[in-house]
Number of protein chains: 4
Amino acid sequence: MTDSLLQHHQYGKRAIRLVHVTRDGDRHELTDLDVDVTLTGEFEETYLTGANAGVLPTDSQKNTVYAFARQHGVQRIEDFALLLARHFVRAHETVKRARIGISRHHWDRITPQHSFVRSEGELRTVTVTHDAGKTWVVGGLTGLRLLNSTGSEFKDFPRDEYTTLPEAGDRILATSVSAGWRYEGTRGDWDAWHGKIRAALVTAFTETYSRSLQQTLYAMGEKALAACPAIAEIRLALPNQHHIAVDLSPFGLDNPNSVFVATEQPYGLIEGALMREGAVGADAAWW
Amino acid sequence: MTDSLLQHHQYGKRAIRLVHVTRDGDRHELTDLDVDVTLTGEFEETYLTGANAGVLPTDSQKNTVYAFARQHGVQRIEDFALLLARHFVRAHETVKRARIGISRHHWDRITPQHSFVRSEGELRTVTVTHDAGKTWVVGGLTGLRLLNSTGSEFKDFPRDEYTTLPEAGDRILATSVSAGWRYEGTRGDWDAWHGKIRAALVTAFTETYSRSLQQTLYAMGEKALAACPAIAEIRLALPNQHHIAVDLSPFGLDNPNSVFVATEQPYGLIEGALMREGAVGADAAWW
Amino acid sequence: MTDSLLQHHQYGKRAIRLVHVTRDGDRHELTDLDVDVTLTGEFEETYLTGANAGVLPTDSQKNTVYAFARQHGVQRIEDFALLLARHFVRAHETVKRARIGISRHHWDRITPQHSFVRSEGELRTVTVTHDAGKTWVVGGLTGLRLLNSTGSEFKDFPRDEYTTLPEAGDRILATSVSAGWRYEGTRGDWDAWHGKIRAALVTAFTETYSRSLQQTLYAMGEKALAACPAIAEIRLALPNQHHIAVDLSPFGLDNPNSVFVATEQPYGLIEGALMREGAVGADAAWW
Amino acid sequence: MTDSLLQHHQYGKRAIRLVHVTRDGDRHELTDLDVDVTLTGEFEETYLTGANAGVLPTDSQKNTVYAFARQHGVQRIEDFALLLARHFVRAHETVKRARIGISRHHWDRITPQHSFVRSEGELRTVTVTHDAGKTWVVGGLTGLRLLNSTGSEFKDFPRDEYTTLPEAGDRILATSVSAGWRYEGTRGDWDAWHGKIRAALVTAFTETYSRSLQQTLYAMGEKALAACPAIAEIRLALPNQHHIAVDLSPFGLDNPNSVFVATEQPYGLIEGALMREGAVGADAAWW
């Protein structure tokens with residue numbers, strides 16, 4: 001059994017739950033994060049022989065996240081991810097590349113002081129990838145559920161022998177947006193940029209008269225690139241959360257797009273990646 | 001095998017997904033519900049022999065929900081549940097009691113017309129139970145996640161041989177509120193009442209200096225009863241979503257309630273039921 | 001705000017994850033449990049004033065579970081739950097009733113020594129309720145997914161104006177069994193009894209020609225009561241996991257009960273409770 | 001907004017639930033699948049203008065899965081995925097590449113005829129990618145949960161300033177195996193090959209004295225490559241499902257690796273890809 005070659009390998013700690021409180025007198029700031037650490041480097045020995053001399057324990061990675069939160073605070077998740085990624089590469093010779101993924105839960109303030117209510121669903125995300133030569137910051141969001149109750153059609157598609165879908169001149173369009181966008185640099189006004197891109201995505205979704213979810217996807221990506229010159233590309237995955245108008249004719253009732261059953265499965269999935277003209281790709285930023 | 005007696009039985013359709021759109025010119029209203037139907041009655045025969053003459057199919061129950069949405073609209077979930085519960089008892093001789101449970105998902109309006117974003121987590125709920133003699137309406141909510149980053153302690157508890165928990169003079173208090181409250185009547189200003197009760201729950205949570213989550217629970221229930229005279233009782237279940245301050249001393253760092261790990265399990269669960277003085281209990285409203 | 005009465009209250013620790021290993025030379029036994037503790041008693045003070053003198057911390061409850069696992073081992077979940085329930089009532093004057101719920105995950109042995117593979121889905125459960133006067137043991141199981149690909153029909157049901165369901169002369173019957181059964185005593189051959197009851201449930205499901213899921217439920221309960229004289233009653237909840245034959249006629253194909261879509265929602269839910277003739281009810285054992 | 005370029009795009013139907021029954025007299029065979037379809041091709045127009053002339057509806061993709069199940073049966077998921085992938089490319093000029101992902105749920109036979117019990121957790125998987133020039137078959141499994149209650153250590157790792165983890169001379173090693181392996185060809189004895197590879201993975205896990213989960217991963221991959229010459233490479237992702245020995249010393253008890261808390265988060269994640277010496281990589285087979 002000596003003819004196996006180890007091609008790729010990586011390891012790290014996932015689902016590190018960090019809640020950070022900053023106190024400014026009676027006024028607290030709350031940050032609620034899930035942090036993932038993934039390290040790539042010279043770890044072949046432990047795979048081949050179990051020798052762990054180069055393997056920073058995932059427990060230490062977790063400790064580092066908590067200690068850094070205390071030492072440096074947690075302001076923008078983009079900066080916190082950069083800090084951590086650079087640390088692991090700088091501090092450990094065997095680590096050649098570090099990837100930090102962070103998802104931020106939203107808490108809305110109830111009182112000016114220290115009470116909060118969590119807003120579920122949408123998460124702000126970042127993935128920072130750092131090695132000796134290069135650093136990539138991919139911002140994003142997931143779980144943003146949008147719905148237009150009109151302004152969407154799906155027609156003029158090809159019909160093969162397995163096609164039974166009627167043309168739809170007016171349908172509900174609903175999705176849960178997952179988006180990632182790659183910033184050109186590693187410093188910036190992350191909050192403002194995130195806000196502009198999110199607003200562009202939402203606006204494009206609501207303002208596009210949609211002939212297909214693909215068209216809506218492209219409009220969202222295009223508008224995001226236009227709204228924030230700091231990003232070079234954006235990738236979107238949009239599940240088509242089908243709302244099917246119920247056939248009420250057996251009950252002597254019409255259904256003028258009034259009563260729908262929302263279905264979970266199966267669902268369409270539409271994906272697309274847009275790049276700014278002239279920008280250079282960077283697949284390593286994504287996986 | 002003749003000595004088995006059928007003591008209780010009920011059946012129905014669960015997880016009926018109903019999305020309803022009302023159009024007022026360009027302005028749409030969106031209602032997104034999960035509906036459960038449970039019927040109790042003279043269904044022994046089908047259990048004992050498989051004779052189905054009295055068993056309204058659960059598929060018909062589902063159809064009824066969709067047809068009623070078209071015929072009557074879906075304004076308040078309390079009224080829609082009442083309508084359905086009464087229908088099943090009135091229309092079917094074998095049905096002696098009907099229970100309708102509805103959970104409403106929240107969608108916020110993005111545009112004045114027909115675009116919405118879903119706000120996950122918190123659901124507005126109702127359970128209506130109706131039989132020939134009586135009708136009960138239990139309003140409620142689930143998934144309301146609240147957090148105070150200070151203003152909570154837990155001290156002076158008994159210490160047995162298995163107690164290692166240190167006293168906490170200042171801790172994070174976090175929970176996900178599940179609450180149900182029984183209205184005295186079957187007509188009312190459901191939206192206003194729900195709003196008042198929800199506000200009372202939130203205010204009590206934020207304003208109570210908490211010596212235990214039990215104390216907070218009672219304050220929440222008391223304030224809800226005071227805020228809405230239309231309810232006779234309220235039941236609350238509050239998981240204690242523990243946030244544990246990380247011991248950073250191995251890294252030479254203090255942790256002045258700044259860095260926490262949020263844990264999912266195990267968790268405390270605190271439950272309590274409060275009734276208005278002079279009110280009469282009604283267990284049948286609850287299960 | 002003085003007119004609120006505290007009607008009911010209870011508290012405890014949920015989702016205590018306990019894995020226990022017993023070593024007999026090279027041969028290990030593995031037990032994998034989720035444990036819930038719920039205590040009822042004289043805890044009004046903490047609700048009303050936040051005085052915690054009578055409130056055993058849920059953290060201590062968790063510690064007790066782990067310490068008892070070490071001191072007494074974990075053989076049968078029924079005995080372990082009894083031990084814990086009695087301890088909390090005996091050791092703490094304020095605790096008037098303790099309920100211990102345990103779910104056991106199944107691990108199959110891969111080697112005779114110390115390697116195991118987890119069998120997901122079905123859990124063995126127990127709920128023990130203990131107060132000064134009485135002790136109840138409710139055994140059970142959840143997540144047992146059964147399917148008959150024929151031998152099931154659903155016909156002769158009433159048709160109202162909302163009924164569109166065709167009669168089914170041959171359908172798939174599928175469910176995920178949740179069952180609880182109350183033992184008369186507190187000592188017994190728990191493993192053998194559990195095995196007999198489970199076998200009776202499975203046999204009744206497979207051998208009953210089913211005219212309704214209700215009929216199958218009753219047959220399962222009846223057979224379980226017959227198989228194990230040590231139980232006084234059994235309660236079953238059976239979701240009807242609908243498998244819908246796909247209409248292939250648009251593609252010029254028949255579908256002789258060959259191709260089905262398995263649906264998650266909506267689903268029927270059939271519930272029933274059977275008691276042995278002459279047995280005395282004990283609702284307190286169940287909630 | 002004319003400077004956006006569409007770099008990549010694909011679409012398809014996900015979570016198509018297919019249950020197929022084959023009848024051989026009284027004896028039925030049951031197949032329970034989740035099917036995903038993803039198509040790549042000349043679909044730019046719909047993204048840019050909403051023109052759908054080239055866009056086979058995802059609803060038609062779903063119909064195709066059901067119709068093919070009837071026309072061709074569902075024997076091996078590998079063959080069924082190949083059939084579907086080839087169909088979409090052959091039948092539709094705009095489709096340049098099709099990927100079919102299938103997960104198979106396991107049902108064990110209870111009777112020789114038509115009764116089954118579902119075995120949850122582990123799924124058998126396949127991903128077939130087909131374009132004009134090439135076809136790849138990646139078999140696999142997910143959700144296989146394995147545990148060794150001894151025979152595992154983790155020592156001699158580097159200690160930085162954030163390391164507090166003690167060396168472990170004897171620990172529980174537990175994981176949930178996700179594995180994918182690329183076959184060299186497109187015909188084969190899929191069931192036998194899958195069985196051999198699965199057995200190799202399990203045997204390597206149980207027989208390896210583990211100095212790190214990485215070492216175990218490599219041993220598993222190596223043994224799988226040795227067991228089945230038909231595969232060119234294998235990729236493994238192994239979460240380290242930490243079982244932490246509880247500190248019972250506050251209660252005057254020792255804990256000789258007897259009582260553990262099983263934790264869900266955070267968790268380590270160990271990944272590795274092994275290729276047979278001399279084999280040629282094929283990243284397109286994987287994503």
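A disulfide is taken here as a pair of cysteine sulfur atoms within 2.5 Å, and by this rule the count over all chains of the predicted model comes to zero. Among the cysteines, two can be described by their burial, for which the cut-off is a relative accessible area under 20%. At 1% relative accessibility each, they therefore count as buried, as the table sets out.

| Residue | Relative accessible area | Class |
|---|---|---|
| B:Cys228 | 1% | buried |
| D:Cys228 | 1% | buried |

The interface of chain D and chain B is the next topic. Eight residues of chain D are in contact with eight residues of chain B, and the area buried between chain D and chain B is about 570 Å², of which carbon and sulfur atoms give 68%. On the side of chain D that touches chain B, the residues divide into four nonpolar, two polar and two charged. The rule nevertheless finds zero salt bridges across the interface of chain D and chain B, and the count of residue pairs in polar contact between chain D and chain B, both at pLDDT 80 or more, is likewise zero.

How the two chains are related can be stated by superposition. A turn of 180° with a shift of 0.0 Å along the axis lays chain D on chain B with an RMSD of 0.0 Å, and the two copies are thus related as by a two-fold rotation axis. Within chain D, the C-alpha nearest the axis belongs to D:Glu264, 4.3 Å from it. Both copies use the same surface, since 100% of the contact residues of chain D recur in chain B.

How values were computed. Residues numbered from 1 in each chain as written. Chains lettered and ligands numbered in written order. Predicted model: local features only at pLDDT ≥ 70, side-chain atom pairs only at ≥ 80, totals over all residues. Heavy atoms only, no water. Contact = heavy atoms within 4.5 Å. Buried area = accessible area lost by both parts, 1.4 Å probe. Salt bridge = Lys/Arg side-chain N within 4 Å of Asp/Glu carboxyl O. Polar contact = N/O pair within 3.5 Å; in protein donor to acceptor, adjacent residues only side chain to side chain. Nonpolar A, V, L, I, M, F, W, Y, C, P; charged D, E, K, R; others polar. Least-squares fit on C-alpha atoms with pLDDT ≥ 70 in both. Buried < 20%, exposed > 50% of the residue type's maximum accessible area, 1.4 Å probe, protein only.
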